[in-house]
Amino acid sequence: MFGHRRNDTGRDNPDNVVLEPRDVTFDWADLPTHWVPDEPLVTHTCNVLHLLLPAGERWFVDLFTQAIPLIKDDKLREDVLGFIGQETIHARSHQGVLDHWKTWGIDTDPYVAQIEWMFRATLGERDLPATRREEWLIERLAIIAAIEHITATLGNWVLNSPALDAAQADPTMLDLLRWHGAEEVVHRAVAFDLFTHLDGRYLPRARAMLITAPIMLWLWVRGVVFLMRTDPKLGGRVKPRWRHFFRASRRHLLPPAHQLVGQTLNYCRPFYHPSKEFSTDQAVAYLASSPAATAAAV
Amino acid sequence: MDDYQIPPPDLRGRAHPDRMFRMLGALITAFESLTNCAHLRRPPTQRVDRDLNLVVDEIRVEGQDVRSFRLVAAGGEKLPSWQPGCHLDVLLPTGRRRQYSLCGDPRDRGSYRIAVRRIAAGAGGSRELHDCVGTGSTLTARGPRNAFPYVRAGGYLFIAGGIGITPILPMVKQAAADGAPWQLVYTGRSRASMPFLDELSELDPARVRLRSYDECGFPPSGSEILQYAPDRATVYCCGPAPIIANVRRDLPDSAAQALHFERFTAPPIVDGQPFEIALTRSNRVLTVPPDRSALEAIRQQIPDIAYSCRQGFCGTCRTRVISGEVDHRDRVLTDRERTDTMTTCVSRSRGDQIVLDL
């Protein structure tokens with residue numbers, strides 16, 4: 001699948017990569033309901049991304065846009081602008097899957113409405129005095145940095161998941177996940193660097209991860225339960241079980257739990273920096289061969 | 001009551017708001033109040049100076065109309081490291097900003113090298129470097145940054161068109177040093193106009209193919225170039241747009257499997273007419289020249305404005321239009337959105353003036 005395989009040390013990674021959004025499009029006309037054949041749990045665990053990301057990434061874009069005037073580093077500002085464009089296209093691409101499901105009669109609105117409420121209302125603009133408004137913005141940037149560490153972890157995993165190819169997962173969906181994953185790996189340090197530039201204290205950074213990781217896990221579990229219940233092919237007969245998850249990750253169809261927990265704790269180390277993890281090399285190489293990214297108009 | 005105090009409906013459609021989300025709302029409210037006193041201790045944001053002060057140390061003629069500039073730090077210190085594919089953002093004495101690929105040796109931390117072809121009919125950046133910058137001149141630069149990253153692969157086909165050899169040259173040398181299978185197809189108007197032939201002659205001549213448009217026509221077809229690709233090669237291509245287009249089109253039928261090409265950030269503005277923008281909130285009127293975008297003009301006034309792709313597809317720079325007829329050139333807005341908004345990165349005014357909510 002890949003021209004070369006890299007270790008995770010980040011050695012030899014090209015530095016200072018310019019971030020540019022890619023104008024990708026995906027055609028879902030041939031998408032099967034269970035795009036990992038005979039693996040509804042694997043399919044729906046990945047599908048939760050489509051439920052969470054459009055609202056989440058629009059929220060990132062909104063907060064990053066608000067943060068631009070606070071930035072006193074031109075290089076970081078360029079990175080933030082590139083990040084904003086990439087996240088906008090990510091949100092749009094995942095939204096495309098939701099829109100396609102609608103044509104199948106799958107209604108994800110109840111779940112998505114909750115996610116939108118979380119980002120727009122609880123994590124949105126609150127009625128705060130001016131001094132607290134900036135603190136609230138920066139605290140939420142710490143949450144984005146934590147989420148971005150998780151998305152980079154998942155992106156790195158999906159770039160190294162030949163078992164999904166072997167299981168004959170739908171190539172267009174795999175390309176969406178890997179294109180997105182590769183861009184997450186390439187821009188993995190931006191949110192962290194933005195938080196470091198504006199605040200940088202250890203406690204708020206670690207605290208943000210400690211609140212973010214459990215909430216994401218909880219939303220993910222709810223999402224899988226919701227999708228399995230809504231799936232017209234399953235008709236509510238198949239219930240998700242933890243043992244199915246562990247079995248699938250042992251077969252490398254889903255990320256192993258220990259890797260997710262390990263990376264969450266890794267983020268909480270005082271001298272952590274995202275550039276020390278994952279391979280920019282591999283992500284850049286994928287983007288040069290991804291069907292969607294190479295077809296993108298320029 | 002604020003929106004965030006009313007949780008969304010329950011997932012199973014029961015009458016009460018979702019209890020779990022009510023708890024989540026309370027949790028995040030508590031989290032926010034934790035941050036309440038944080039501003040007492042948050043350190044102030046430090047300004048980061050990214051300017052490199054450089055001195056032109058040596059100028060060499062590398063080919064017809066092509067000169068290379070060896071740049072060293074004004075204070076003699078080590079320069080920031082770079083990898084093949086990196087470019088430098090150079091601020092010229094007149095204030096023009098131009099990007100030039102680094103074409104020297106990445107292991108040499110004492111100097112950078114850029115090479116520039118003088119384009120008599122160009123926008124003036126190359127003329128300025130050729131005509132007004134001499135040995136000992138000072139230049140301010142930013143970077144290096146990498147928009148064309150060179151990554152390790154099993155084999156390479158490098159394609160350079162004319163001055164497009166600049167980012168390719170360090171890549172070829174790196175691939176040769178790594179012992180990877182590689183091929184170079186180097187095209188140009190004529191042999192005399194193609195820089196760095198002397199440096200390339202130090203490499204394995206069986207791997208270097210020179211093609212001048214005098215001999216083989218322009219643009220060469222993609223398949224003609226791609227026939228030299230080693231099996232499952234990664235292609236790096238930098239050159240005129242028609243060559244890149246041909247290579248992109250013929251890549252799927254070749255032995256190559258991946259393509260990197262140097263993307264130019266802002267494609268030229270076609271049929272641009274000058275116009276004025278009135279900014280209501282900042283109470284200013286700006287003039288947009290025919291060869292600049294509305295966004296560029298706005299950025300001069302509002303440096304913190306959000307934008308991203310500069311090609312009209314991401315929609316980040318979408319702005320509300322208060323009056324004026326817009327020539328929409330984006331590929332992102334819906335017809336509904338076009339009634340009262342525009343993307344300033346590519347769209348222009350049909351008339352003399354548009355009024356924007358900025």
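Visitor: In what order do the six strands of the open antiparallel sheet in chain B run?

Guide: Bear in mind that we're looking at a predicted model. The sheet is open, and its pairing is antiparallel. Its edges are strand S4 (97-101) and strand S5 (111-117) of chain B, each of which pairs on one side only. Reading across from one edge strand, the order is S4-S3-S6-S1-S2-S5 (chain B).

Visitor: Which residue of S6(B) is the bridge partner of B:Val90?

Guide: Start with the strands: S3 (residues 86-91) and S6 (residues 138-146) of chain B run antiparallel. Five bridges join them. For B:Val90, the partner in S6(B) is B:Ala141.

Visitor: What angle does helix H2 of chain B make with S5(B)?

Guide: Helix H2 (residues 125-132) of chain B packs on that antiparallel sheet. There, helix H2 touches strand S2 (66-73), S4 and S5 of chain B. Its direction and that of S5(B) make an angle of about 115°.

Visitor: And the parallel sheet of chain B, which are its edge strands?

Guide: This one is open too, with five strands in the order S9-S8-S7-S10-S11 (chain B). The strands at the two ends each pair on one side only. Those are strand S9 (208-212) and strand S11 (258-261) of chain B.

Visitor: How much twist is there on average from one strand to the next in that parallel sheet?

Guide: For the antiparallel sheet, neighbouring strands are turned by 40° against each other on average, direction ignored. In the parallel sheet, the average twist from one strand to the next is 15°.

Visitor: Which residue in S8(B) is the bridge partner of B:Leu157?

Guide: Strand S7 (residues 156-161) and strand S8 (residues 182-188) of chain B run parallel, with six bridges between them. Helix H3 (residues 165-178) of chain B lies across S7, S8 and strand S10 (234-238), at about 155° to S7(B). Within the S7 and S8 pair, B:Leu157 is matched with B:Gln183.

Visitor: What radius of gyration does chain B have?

Guide: Chain B is divided into domain 1 (3-36), domain 2 (52-146), domain 3 (156-261) and domain 4 (275-356). The C-alpha centres of domain 1 and domain 4 of chain B lie 39 Å apart, and the C-alpha trace of the chain spans about 75 × 50 × 50 Å along its principal axes. A compact globule of 358 residues would come out near 21 Å, but chain B has 26 Å.

Visitor: Why does chain A count as being as compact as a globular protein of its length?

Guide: Chain A has 12 helices and zero strands. For 298 residues the globule rule gives 19 Å, and chain A is close to that, so it is as compact as a globular protein of that length, with a radius of gyration of 19 Å.

Visitor: What share of the residues of chain A count as buried?

Guide: Here a residue is buried if 20 or more other C-beta atoms lie within 10 Å of its own. In chain B, buried residues make up 38% of the 358 residues. For the 298 residues of chain A, the share is 51%.

Visitor: Where the two chains touch, how many nonpolar residues does the side of chain A have?

Guide: The contact involves 56 residues of chain A and 54 residues of chain B. Elements of chain A that give two or more residues to this side include helix H2 (74-103), helix H4 (130-159) and helix H8 (202-230). On this side of chain A, 15 residues are polar, 15 are charged and the nonpolar ones number 26.

Technical notes. Residues are numbered from 1 along each chain as its sequence is written. Chains are lettered from A and ligands numbered from 1 in the order in which they are written. This is a predicted model: local features need pLDDT of at least 70, side-chain atom pairs count only at pLDDT 80 or more; totals for chains, interfaces and linings use all residues. Helices (H or I, at least four residues) and strands (E, at least two) are DSSP runs, numbered from the N terminus. The radius of gyration is taken over C-alpha atoms; the globule rule is 2.2 Å times the number of residues to the power 0.38. A residue is buried if 20 or more other C-beta atoms lie within 10 Å of its own, exposed if 12 or fewer, and partly exposed in between; C-beta atoms are placed from the backbone. Domain bounds come from an automatic or database domain assignment. Two residues are in contact if their C-beta atoms, placed from the backbone, lie within 7 Å. Ala, Val, Leu, Ile, Met, Phe, Trp, Tyr, Cys and Pro count as nonpolar, Asp, Glu, Lys and Arg as charged, and the others, Gly among them, as polar. Two strands pair if DSSP finds at least two bridges between them. Axes are lines fitted to C-alpha atoms, for helices over the stretch in contact, and angles run from 0 to 180 degrees between N-to-C directions.
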